[in-house]
2 protein chains.
Amino acid sequence: MSSEDSQDRPARLARRGFLKAGGAAIAAGASLGAGLAVPGQAQAAEGKQHAMAADPIHAVEPFYGEHQGGIVTAQQAHTYVAAFDLTTTSRDDVIKLLREWTESAARMTQGHSAAALDGAGNDSPAPDSGDVLGLGPAGLTVTFGFGPGLFTSEGKDRYGLAHLRPAALVDLPRFNGDQLIAEKTGGDLYVQACAHDAQVAFHAVRQLARQGYGKLRMRWGQAGFLSGPRGQTPRNLMGFKDGTNNPPTGDRAAMNQFVWATASDAPWMQGGTYTVVRRIRITLEHWDQMELGFQEQVFGRRKYSGAPIGKDKEFDAVDLNAQDKDGNALIPDNSHVRLSNRASNNGAQILRRSYSYNDSTNFYIERWPPWRQETEYDAGLIFIAHQADPRTGFIPINEKLAKFDMMNQFTTHVGSAIFACPPGAKAGSFVGAELFDA
Amino acid sequence: MSSEDSQDRPARLARRGFLKAGGAAIAAGASLGAGLAVPGQAQAAEGKQHAMAADPIHAVEPFYGEHQGGIVTAQQAHTYVAAFDLTTTSRDDVIKLLREWTESAARMTQGHSAAALDGAGNDSPAPDSGDVLGLGPAGLTVTFGFGPGLFTSEGKDRYGLAHLRPAALVDLPRFNGDQLIAEKTGGDLYVQACAHDAQVAFHAVRQLARQGYGKLRMRWGQAGFLSGPRGQTPRNLMGFKDGTNNPPTGDRAAMNQFVWATASDAPWMQGGTYTVVRRIRITLEHWDQMELGFQEQVFGRRKYSGAPIGKDKEFDAVDLNAQDKDGNALIPDNSHVRLSNRASNNGAQILRRSYSYNDSTNFYIERWPPWRQETEYDAGLIFIAHQADPRTGFIPINEKLAKFDMMNQFTTHVGSAIFACPPGAKAGSFVGAELFDA
């Protein structure tokens, strides 16, 4: 599902159709995606092909396949993630919704409107908000997931799915320091849209949310972004590189071991993954006042190079046994790198695919951390981790971090959710079909 | 101040210096901006010059000059705007702060860290948060403004400036429908950072905010973005093109007439402008349910083409006298285009330079509009308008809009501020020097 496989490059360049016709009848009657190839060809004829190929706004990710997109896909620059609570009690409603979502998501990833505009006249709402007209597909991926509430909600088996809940889809335990806000926690359905453009990502969730009106309620939504030098590990808002030790998504064996679900109790999840989302507010104002050397002790890495302390280069192996001349650990016992390292967690690994978020200013204060900052950015990290089983992945790793990580002085987990993201849909079917057919 | 003037292209390509040295002593001692030209030259030598020139991350805007950047500069894709309340009572503190801000802003626009890192060791906080290391200047502009509180605050002339307050820097009146939130309204100082990258824009405000600790308090901050097809008028979140009728920034006579301050009562503002900021929340969920034809009546324009109703093309002149066969106005009396049109406002024009915002979900409900949406995006428009005099610009236009605009059914103004943005700084001086020297 990376941007480099399965389809050849020219076929994957597309451009969100833009209607030049001014007449209302023509405009309303046309399919927004109709002439997709034409603008691209015109540009190429003008000798701009090279620039277009390099422009991420024209990137296209496949939708249908063995796995859903947005998991091992090379990370796009923007995201909008959302969770919904189902209000319908009808199993058929849910299936119908997932069918509609699948079809619309597939269309949008290929640069089309959420639904065909043919036949939608001036006297009815357009089936697409139209705010990304003229933009490209921008590498859009849409990833769907199922929360515990799809299987059992307040003790009720609303859709006859309770017996199919995988053991790996646990209710997350309370972690030390958690200060979860109900309006930013949980959810029955998960939609994660990632794209190289903020508006394209949000647009996708907005159309899907609207299709669900009457069957669901939005529980939370969250915009995120990732700024990174081309081809390098991006830095998060704390100024440190984030993702250096991720398992390589191009390593199929590693993905099969750590990311793709294989447990035999839930055959419908084969090829899927379990996703944990945590909204982690960071007191940037306080962090910025810390000495550089202290910041590096907190991470266990050098800030500018990204190298583990005691090493020279970002990708040098982390040596947890290295000592200083007095015999103390070079990488502190309560540093983030040591506590989260594979060697400290029985070989467990998770695939982090996090984004920074920046919801402007918000002057509520968490109980922890215990100081009053001079300003109150509502900014931090939308931590997103994919894994084969959270019971051996995120949960034990975060239990350790939540107790001992020096970074906790600067971070507060205010949102949390867990989802089972099923395998990719086959063309003509829908995401989650294996669950409802089981 | 556009990206096409005053400096030749090669000199304006720069790249935020990235330290490859792993040793802490070298890393901490080096100036982040030191070898700026080197990575760029290396890339050019690899034959990537064309791709670099096209990549907005490498764009550089001039900082010093007749006018501040970020006003008639071609609009970048992201912004972070913020307002601060001064807590110091010392005039010298304010001057010192403005000097430091000017110097840091100038550095950052050219791709350097906020302050030189030389001499900052491991045992002190770094003078820059480092989160944009490796990113380019990204066309960053930083624009400063002065709110009414700099001149008089709670009846006090804190800095001996009260007599220099321009008549044009009025306190904005209450507009019909206003539901202003105190934490998103007002401010003594304004910082508007715009860049082609979200993190570069936020980074600039974050460094400046930190430099002010002990002298000021953040009042509000707001991230925004603008997604647009290359070279076309961008669409806002309502799906309509926004900015079609803006006065052309390349037309110096129009800018002198409508944007640059010339009033004789405040000579220190010559070459400056007055900026109005409004945080306008939009009920996107409700808007999306409206018939296409009704949406077009609200705007007075076609949605897909952007043409005025009755015309074919986006830039066709708006004909307010056009009638249908029954003699009714083709462009409705309460449409946005008619009410805000120059011809309806004694020839007044303002330079809009707005951004969309998307602060995720927030389930508070404004009193108006009076319906309960199924979801509650905290999203909308950071309306930013520059003008020579708000008394003939934003205020009369918005008084009319606030009463009659059909769009008000979908919008709520929740934040508001006005600032006098002084002329550009001369090299070696600081933004606002003319005020303090007056």
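Biologist: Which are the buried residues of helix H11 of chain A?

Modeller: This is a predicted model, and in it helix H11 of chain A, residues 394-404, has as its buried residues A:Phe394, A:Ile395, A:Ile397, A:Asn398, A:Leu401 and A:Ala402. Seen down the axis of H11(A), those buried residues fall within an arc of 160°, so they line one face of the helix.

Biologist: And what is exposed on the other side of H11(A)?

Modeller: On that other side, A:Lys403 and A:Phe404 are exposed.

Biologist: OK, and what do the buried residues of H11(A) pack against?

Modeller: They pack against four elements of chain A, namely strand S5 (273-282), helix H10 (336-340), strand S8 (377-387) and strand S9 (411-421).

Biologist: Let's stay with strand S5 for a moment. Is A:Ile282, which lies in that strand, buried or exposed?

Modeller: A:Ile282 counts as buried, since its relative accessibility is 5%, and under 20% is what buried means here.

Biologist: What is A:Ile282 in contact with, leaving aside its neighbours within four places in sequence?

Modeller: With those neighbours left aside, A:Ile282 is in contact with A:Met238, A:Ala379, A:Gly380, A:Leu381, A:Phe410 and A:Thr411. As for distance along the chain, A:Ile282 and A:Asp378 are 96 residues apart, while their C-alpha atoms are separated by 7.9 Å.

Biologist: Zooming out, how many helices and strands does chain A have?

Modeller: Chain A has 12 helices and nine strands, and of its 438 residues, buried ones make up 61%. If you take the contacts in chain A between residues at least 6 apart in sequence, 80% of them join residues at least 24 apart.

Biologist: How is chain B related to chain A, then: what turn and shift lay one on the other?

Modeller: A turn of 180° with a shift of 0.0 Å along the axis lays chain B on chain A, and the RMSD is 0.0 Å. The two copies are thus related as by a two-fold rotation axis.

Biologist: Which C-alpha in chain B is nearest the axis?

Modeller: That is the C-alpha of B:Asp359, which is 2.4 Å from the axis. The same surface serves both copies, in that 99% of the contact residues of chain B recur in chain A.

Biologist: Switching to empty space: how many cavities of 30 Å³ or more are there?

Modeller: The count comes to 14 cavities of 30 Å³ or more, and about 280 Å³ of space lies in the largest cavity. There are 20 residues lining the largest cavity, and the closest to its centre are A:Ala223, A:Phe225, A:Asn358, B:Ala223 and B:Phe225.

Biologist: Which elements supply at least two residues each to that lining?

Modeller: In chain A they are strand S1 (78-86), helix H6 (198-211), strand S4 (216-225) and strand S7 (355-361), and in chain B they are strand S1 (78-86), helix H6 (198-211), strand S4 (216-225) and strand S7 (355-361). By residue type, the lining of the largest cavity divides into 10 nonpolar, eight polar and two charged residues.

Biologist: You mentioned strand S7 of chain A, where A:Tyr355 lies. Is A:Tyr355 buried or exposed?

Modeller: A:Tyr355 counts as buried, with a relative accessibility of 0%. In sequence A:Tyr355 and A:Ala195 are 160 residues apart, and in space they are 12 Å apart, C-alpha to C-alpha.

Biologist: Now helix H9 of chain B. Why is that helix described as largely enclosed by the rest of the structure?

Modeller: Helix H9 of chain B, residues 292-299, is largely enclosed because six of its eight residues are buried. The buried ones are B:Leu292, B:Gly293, B:Gln295, B:Glu296, B:Val298 and B:Phe299, and H9(B) is followed by B:Gly300, which has a positive phi near 85°.

Biologist: One last thing: what is phi of B:Ala138, a residue other than glycine?

Modeller: Phi of B:Ala138 is positive, near 55°, whereas most residues other than glycine have a negative phi. B:Ala138 lies in the loop between helix H4 (91-109) and strand S2 (141-146) of chain B, and it is buried, with a relative accessible area of 0%.

Biologist: And what about B:Asn346, buried or exposed?

Modeller: B:Asn346 is exposed, with a relative accessible area of 84%. Its phi is also positive, near 55°, and B:Asn346 is found in the loop between helix H10 (336-340) and strand S6 (351-352) of chain B.

Methods. Residues are numbered from 1 along each chain as its sequence is written. Chains are lettered from A and ligands numbered from 1 in the order in which they are written. This is a predicted model: local features need pLDDT of at least 70, side-chain atom pairs count only at pLDDT 80 or more; totals for chains, interfaces and linings use all residues. Side-chain values use heavy atoms; hydrogens and water are left out. Buried means under 20% relative accessible area, exposed over 50%, partly exposed in between (1.4 Å probe, protein chains only). The arc is that of the directions from the helix axis to the C-beta atoms. Contact means heavy atoms within 4.5 Å. On a 1 Å grid over the protein atoms alone, a cavity is a set of points where a 1.4 Å probe fits but cannot get out, and a pocket is an open set with protein on both sides within 12 Å along at least five of seven lines; lining residues have an atom within 4 Å of a point. Grid points are joined across faces, edges and corners, and a volume is the space filled by probe spheres set on the points. Ala, Val, Leu, Ile, Met, Phe, Trp, Tyr, Cys and Pro count as nonpolar, Asp, Glu, Lys and Arg as charged, and the others, Gly among them, as polar. Copies are superposed by least squares on the C-alpha atoms of residues with pLDDT of at least 70 in both.
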